[in-house]
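Okay, I think everyone's here, so let's get going. I'll put the structure up and then walk you through it piece by piece.

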Amino acid sequence: MTATTADVWLPFPAEEIDGLPDGPNYLFWNGGPDFPADPADCAYYVVPYMQGPEVAQRPLAAMSGVQVVQTLSAGIDHVEPGLPLLPAGVRLCNAKGVHEASTAELTLALILASLRGFPGFVHGQDKEEWRSGFYPALADKSVLIVGYGSIGSAIEDRLAPFECARVARVARSARTTARGPVHTLDDLPALLPEADVVILSTPLNPSTQGLVGADFLAAIPDGALLVNVARGGVVDTKALLAELESGRLRAALDVTDPEPLPQGHPLWHAPNVLITPHVGGSTSAFEPRAKRLLAAQLTRFAAGEPVRNVVVTTG
């Protein structure tokens with residue numbers, strides 16, 4: 001089986017993706033109960049988007065000939081547990097370049113809506129109440145971005161016009177950018193006390209699971225806003241609830257732990273929290289960018305060239 005004759009599983013019909021190379025046998029599968037063909041014949045598997053880990057991992061054990069597993073999400077945590085089922089040498093690629101615009105937009109929307117009191121205005125409109133008042137601005141705030149990859153950088157792009165006092169950046173590795181230094185997680189104790197807004201845009205992995213626990217939250221100043229557009233598991237929900245219920249901190253969350261947030265969970269009605277249902281990447285910007293990524297990746301794959309966005313290679 002060569003790359004030009006191999007089965008490629010796509011979550012979009014192939015005819016809807018401009019620029020796909022000729023040669024591969026394109027098969028449509030978006031998580032339905034029946035596979036489109038024998039998984040053993042699949043060489044390039046594009047994981048269905050937002051269908052959950054069970055769907056993402058379902059065919060992996062039978063994919064004995066797969067060479068590339070491509071997610072359409074920035075995170076790979078829904079696929080990683082299934083990687084031991086794959087043969088050695090399989091490249092797992094993420095969707096860098098697909099979600100930056102949408103996630104950065106939502107991040108700014110969450111910050112502004114939370115600071116300016118939009119949830120209260122909506123409740124007031126429902127009750128025909130005119131809730132005027134004095135509200136915080138994003139201008140002059142110190143912002144800390146935890147997880148300064150491509151999404152974190154896109155968030156800072158959109159913060160630029162808002163006259164923030166400063167933006168600090170944290171990532172796995174220290175480096176210097178055109179906008180300033182990027183710190184490591186080890187620097188958080190010095191950075192958190194200065195942050196009025198803390199944005200989480202980090203991947204979920206062993207080093208970030210539960211990163212935002214009681215000590216992290218206690219280091220943030222009174223009245224600060226925590227914004228999570230990363231993964232729910234980055235935050236210790238119990239510790240966050242304690243801070244919200246005390247009235248000391250505010251939060252704007254696109255992701256939660258557990259997720260979906262079940263009915264009756266105390267986070268729904270905690271004070272000073274704004275929750276959106278994991279819609280950071282679910283916008284009209286997703287599909288055209290995802291399709292462009294797939295066309296580019298599969299063109300490289302069919303030509304025998306290295307694919308991009310490789311985050312893990314199975315051993």
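**Starting at helix α7**

Let's begin at the front of α7, where D236 caps the N-terminal end of the helix: one of its side-chain oxygens sits 3.1 Å from the backbone nitrogen of K238. Before I go further, keep in mind that this is a predicted model. At the other end, α7 is followed by G247, and the phi of G247 is positive, near 85°.

So which residues of α7 are buried? They are T237, A239, L240, L241, E243 and L244. Have a look at the spacing along the helix. In general, an α-helix has 3.6 residues a turn, so residues three or four places apart point the same way. As for what those buried residues pack against, that would be α6, β11 (225-228), β12 and β13 (273-275).

Now, the core. The largest nonpolar core has 31 residues, and the members that touch the most other members are L144, V198, L200, F216 and L217. Several elements give two or more residues to this core: β6 (142-146), β7 (166-170), α5 (188-191), β10 (197-200), α6 (214-218), α7 (237-246) and β12 (250-253). And α7, our starting point, gives the most, with four residues.

Let me pick out L144 from that list. Leaving aside residues up to four places away in sequence, L144 touches A168, R169, V170, L188, L191, L192, A195, V197, V198 and I199. There's also a second, separate core, this one with 26 residues, including L106, V197, V227 and A252.

Okay, over to the sheet. What's the strand order in the open sheet of six strands? Reading across, it goes β2-β1-β3-β4-β5-β14, and the pairing is mixed. At the edges we have β2 (25-28) and β14 (310-313), each pairing on one side only. Neighbouring strands in this sheet are turned by 20° against each other on average, if you ignore direction.

Zoom in on β1 for a moment. On one side, β1 and β2 run parallel and are joined by four bridges; the bridge partner of D7 in β2 is N25. Strand β1 (residues 7-10) also runs parallel to β3 (residues 42-46), with three bridges joining the two. Within that pairing, V8 stands opposite Y44, and W9 stands opposite Y45.

And the side chains on β1? The general rule is that in a regular strand they alternate between the two faces of the sheet. Here, D7 and W9 point one way while V8 and L10 point the other way, and all of them are buried.

Then there's helix α8 (residues 286-302), which lies across β1, β2, β3, β4 (68-70) and β5 (91-93). Its direction is about 160° to β3.

Last bit, the whole chain. The secondary structure comes to eight helices and 14 strands. The radius of gyration is 21 Å, close to the 20 Å the globule rule gives for 315 residues, so the chain is as compact as a globular protein of that length. If you want a box for the C-alpha atoms, it's roughly 65 × 45 × 35 Å along the principal axes.

Of the 315 residues, 50% count as buried. And for the contact-map people: among contacts with a separation of 6 or more, 62% come from residues 24 or more positions apart.

That's me done, over to you.

Terms used: Residues numbered from 1 in each chain as written. Predicted model: local features only at pLDDT ≥ 70, side-chain atom pairs only at ≥ 80, totals over all residues. Heavy atoms only, no water. Core = buried A, V, L, I, M, F, W, Y, C linked by side-chain atoms within 4.5 Å. Buried < 20%, exposed > 50% of the residue type's maximum accessible area, 1.4 Å probe, protein only. Contact = heavy atoms within 4.5 Å. Pairing = 2+ DSSP bridges. Axes fitted to C-alpha atoms, helices over the stretch in contact; angles between N-to-C directions. Polar contact = N/O pair within 3.5 Å; in protein donor to acceptor, adjacent residues only side chain to side chain. Rg over C-alpha atoms; globule rule 2.2 N^0.38 Å.
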